[in-house]
Amino acid sequence: MTRKTPTRPYHHGDLKRALLEASLELIRAEGVDALTVAEVGRRVGVSSAAPYKHFADRQALLRALAEEGNRRLGEALVAATRGSTDPHEAFRLSGVAYIRWAAENPALYRIATDPAHIDYASTEHDVDAPEALKGSMETFWPELGALVSSGVALTASHPLVQQLRGRALAQGVASLFVSGVFASLGITTADAERIARAVTGEDVPATSRRRAPPASQSPQVSKR
């Protein structure tokens, strides 16, 4: 049986933007593996050659999606920290926003954080970071690379090491959502906010649940 997929008739406008939006819909519905330049063009409703004027191949389309994903993620972080003047609190709030955004946009998150599609050494950003996050968002990765490559002592109190600790925590929890680990435990995207707040140091109030949580248990030793 032939599978039918929706198309969006294109009427002379910003074709590149239309192709990106169709790509986002495609990966959201069918995953990254389904993405091809030809399929996106078909969904937009243009000739088979038209999309290649903007994206020479699948890799070019993935790079554009990575840029779009990072722009949207950056906007989410800025929105979450707007009005915060304490760098430590702003960083914590950005971690919460990071985990929540990843849980809500798993396919785009995979692309946006893949070094095959983005340049972690770059200091160019489409989103202007608020004052409390400057440095944290704009120059962290290249500065971390330079620090570690220099061979100097890495102290736990170094600002870059502290930032790395927070980023590693946020990315680790985000990956548990994106990989499906949490879903296999019955933890849904709706729980992302609560988990993110808890792991970034906040006591989260109780909420109504369908069943009581299991009692904490010590590791069991198998008997022979």
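**Exercise 1. Determine which residues of helix 7 meet which residues of helix 9, and classify them by polarity.**

Solution. In helix 7 the participants are L169, V173 and F177, and in helix 9 they meet A192, I195 and V199. Sorted by type, the residues of this contact come out as six nonpolar, no polar and no charged. The structure used here and below is a predicted model.

**Exercise 2. Describe how helix 7 and helix 9 pack: give the angle, the axis separation and the handedness of the crossing.**

Solution.
Step 1. Helix 7 covers residues 159–178 and helix 9 covers residues 192–199; they pack at an angle of about 155°, and their axes lie 11 Å apart.
Step 2. Angles over 145 degrees count as roughly antiparallel, so helix 7 is roughly antiparallel to helix 9.
Step 3. The crossing of these two helices is right-handed.

**Exercise 3. Identify the buried residues of helix 9, find how they are arranged around the axis, and state what covers them.**

Solution.
Step 1. A192, I195 and A196 are the buried residues of helix 9.
Step 2. Viewed down the axis of helix 9, these buried residues fall within an arc of 100°, so they line one face of the helix.
Step 3. As background, an α-helix has 3.6 residues a turn, so residues three or four places apart point the same way.
Step 4. The cover over the buried residues of helix 9 includes helix 4 (87–104), helix 7 and helix 8 (181–184).
Step 5. Just after helix 9, G201 has a positive phi of about 105°.

**Exercise 4. Locate Q162, decide whether it is buried, partly exposed or exposed, and list its contacts beyond four places in sequence.**

Solution.
Step 1. Q162 is in helix 7.
Step 2. Its relative accessible area is 36%. Buried means under 20% and exposed over 50%, so Q162 is partly exposed.
Step 3. With residues up to four places away in sequence not counted, Q162 touches F91, A156 and S157.

**Exercise 5. Repeat the analysis for V37, and give the separation of its C-alpha atom from that of R58.**

Solution.
Step 1. V37 belongs to helix 2, which covers residues 37–44.
Step 2. The relative accessible area of V37 is 4%. The cut-off for buried is under 20%, so V37 is buried.
Step 3. Apart from neighbours within four places in sequence, V37 is in contact with P51, Y52, F55, D57, R58 and L61.
Step 4. V37 and R58 are 21 residues apart along the chain, and their C-alpha atoms are separated by 5.8 Å.

Terms used
Residues numbered from 1 in each chain as written. Predicted model: local features only at pLDDT ≥ 70, side-chain atom pairs only at ≥ 80, totals over all residues. Heavy atoms only, no water. Axes fitted to C-alpha atoms, helices over the stretch in contact; angles between N-to-C directions. Parallel < 35°, antiparallel > 145°, perpendicular 65-115°, else oblique. Left-handed = near helix turned anticlockwise from the far one by under 90°. Contact = heavy atoms within 4.5 Å. Nonpolar A, V, L, I, M, F, W, Y, C, P; charged D, E, K, R; others polar. Buried < 20%, exposed > 50% of the residue type's maximum accessible area, 1.4 Å probe, protein only. Arc of directions from axis to C-beta.
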